[in-house]
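Reader: I have the sequence and the model open side by side. Could we go through the sheet, the surface and the charged pairs in turn?

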Amino acid sequence: ISDRALRSFLLTMSQLEMGYWGIRGLGSVLRMVFEYKEAQYTDVQFTDGAKWFKEKKPEILAKNPLANLPYVVDGDTVVCQTNAIMAYLGQKYDMEGKDARQKLRHLELLCEIYDVRNGMIELVYPFKKVNRTAEEYEAAAKEKVENPPFAKFESCLEVYGGDWFVAPDGPCVADFHIWEMLDQHKLLGEKHGQPAMLD
């Protein structure tokens, strides 16, 4: 068995803990990565704010002063903040590209797709106060499904080639977040009677 194969096997056997709210959200991307790598992990979902803020967050704060959801615990390493977690998993699972240029592109795409995610958050979460009425929401949703924010990602495929956004020969962590946002926009389009955007 090669050193690389042994390392990959050992990484998938180590037990991780992932914490996030009990919703799809950012946790879905991490779950997809873990499932793809057949990783052993505990999926801690918080449906009660007190469980996070009063019980688990102080425990995470003792290990990382940037405690937030999502978080990932990997042995003695506690990683917080979404893109930091995704970059960490990219390194851990060798899913961040093969050379310096691909690794840089991976970081760029993590940031770019997070901007797309924030646009969706502003559309659907009322606490953002971007869409204050049902009429404002409907107008914003119509604009989003008619002009989905994926032109830059399509250009990446055209410029770099291959079937994946970072590396031509297989998915990187950023690809999973891009897929998640494509799926969310697809669902939004279906809800508003638009043609399937993934066809």
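Author: Yes, beginning with one pairing in the sheet: Met18 stands opposite Val72 in β3. Note that this is a predicted model.

Reader: Which residue in β2 does Met18 stand opposite?

Author: Met18 has a partner in β3, namely Val72. β1 is also joined to β2, and these strands run parallel. In β2, the residue opposite Met18 is Asp43.

Reader: How many bridges join β1 to β2?

Author: Strand β1 covers residues 15–21 and runs parallel to β2. One of the pairings puts Trp21 with Phe46 as its bridge partner in β2. The number of bridges joining β1 to β2 is seven.

Reader: In which sense do β1 and β3 pair, parallel or antiparallel?

Author: Strand β3 takes in residues 71–74 and shares four bridges with β1. Val72 of β3 stands opposite Met18. The sense of the β1 and β3 pairing is antiparallel.

Reader: What is the order of the strands in the sheet?

Author: The sheet is open, has four strands and shows mixed pairing. Its edge strands are β2 (40–46) and β4 (77–80), each of which pairs on one side only. From one strand to the next, the twist averages 15 degrees. The order is β2-β1-β3-β4.

Reader: Is β1 mostly covered or mostly open to solvent, and how many of its residues are buried?

Author: A residue counts as buried under 20% relative accessible area. By that cut-off β1 is mostly covered, and of its seven residues the number buried is five.

Reader: What is the handedness of the crossover from β1 to β2?

Author: β1 and β2 run parallel. Between them the chain passes through helix α2, residues 27–36, making a β-α-β crossover. The handedness of this crossover is right-handed.

Reader: Which residue in the turn between β3 and β4 has a positive phi?

Author: β3 and β4 run antiparallel and are joined by four bridges, with Val78 in β4 as the bridge partner of Val73. The two strands form a hairpin with two residues between them. In that turn, the residue with a positive phi, about 65 degrees, is Gly75.

Reader: Where is Phe127, and is it buried or exposed?

Author: Phe127 sits in the loop between α5 and α6 (134–146). Together with Ile23, Val124 and Tyr125, Phe127 forms a nonpolar surface patch with about 360 Å² of accessible area. The cut-off for exposed is over 50%. Phe127 has 55% relative accessibility, so it counts as exposed.

Reader: How far apart are the C-alpha atoms of Glu122 and Asp74?

Author: Glu122 belongs to helix α5, residues 100–124, and is partly exposed at 39% relative accessible area. Along the chain, Glu122 and Asp74 are 48 residues apart. Their C-alpha atoms are separated by 32 Å.

Reader: Now the charged pairs. Which residue forms a salt bridge with Asp94?

Author: Side chains of opposite charge can pair when their charged atoms come close. Asp94 is partly exposed at 28% relative accessibility, and its partner is partly exposed at 48%. The closest N and O atoms of the pair are 3.5 Å apart, and the partner of Asp94 is Lys98.

Reader: Is Glu96 buried or partly exposed?

Author: Glu96 forms a salt bridge with Lys103, with 3.8 Å between the closest N and O atoms. Lys103 is partly exposed, at 34% relative accessible area. Glu96 has a relative accessible area of 15%, so it is buried.

Reader: How many residues apart are Glu112 and Lys152?

Author: The side chains of Glu112 and Lys152 meet in a salt bridge at 3.2 Å, N to O. Glu112 is partly exposed at 25% relative accessible area, whereas Lys152 is exposed at 53%. The pair links distant parts of the chain, Glu112 lying in helix α5 and Lys152 in helix α7 (residues 151–160), and their separation is 40 residues.

Reader: Which residues are joined into one network by salt bridges that share partners?

Author: A search of the whole structure finds 13 salt bridges. Those that share partners join three residues into one network: Glu17, Lys56 and Glu59.

Technical notes:
Residues are numbered from 1 along each chain as its sequence is written. This is a predicted model: local features need pLDDT of at least 70, side-chain atom pairs count only at pLDDT 80 or more; totals for chains, interfaces and linings use all residues. Side-chain values use heavy atoms; hydrogens and water are left out. Buried means under 20% relative accessible area, exposed over 50%, partly exposed in between (1.4 Å probe, protein chains only). Patches are made of residues with over 30% relative accessible area and no salt bridge: like charges are joined within 9 Å, nonpolar side chains (Val, Leu, Ile, Met, Phe, Trp, Tyr) within 5 Å. Accessible areas come from the Shrake-Rupley method with a 1.4 Å probe; for residues, only the protein chains shown count as cover. A salt bridge is a side-chain nitrogen of Lys or Arg within 4 Å of a carboxyl oxygen of Asp or Glu. Two strands pair if DSSP finds at least two bridges between them. Axes are lines fitted to C-alpha atoms, for helices over the stretch in contact, and angles run from 0 to 180 degrees between N-to-C directions. A crossover is right-handed if, with the strands pointing away from the viewer, the path from the first strand over the helix to the second runs clockwise.
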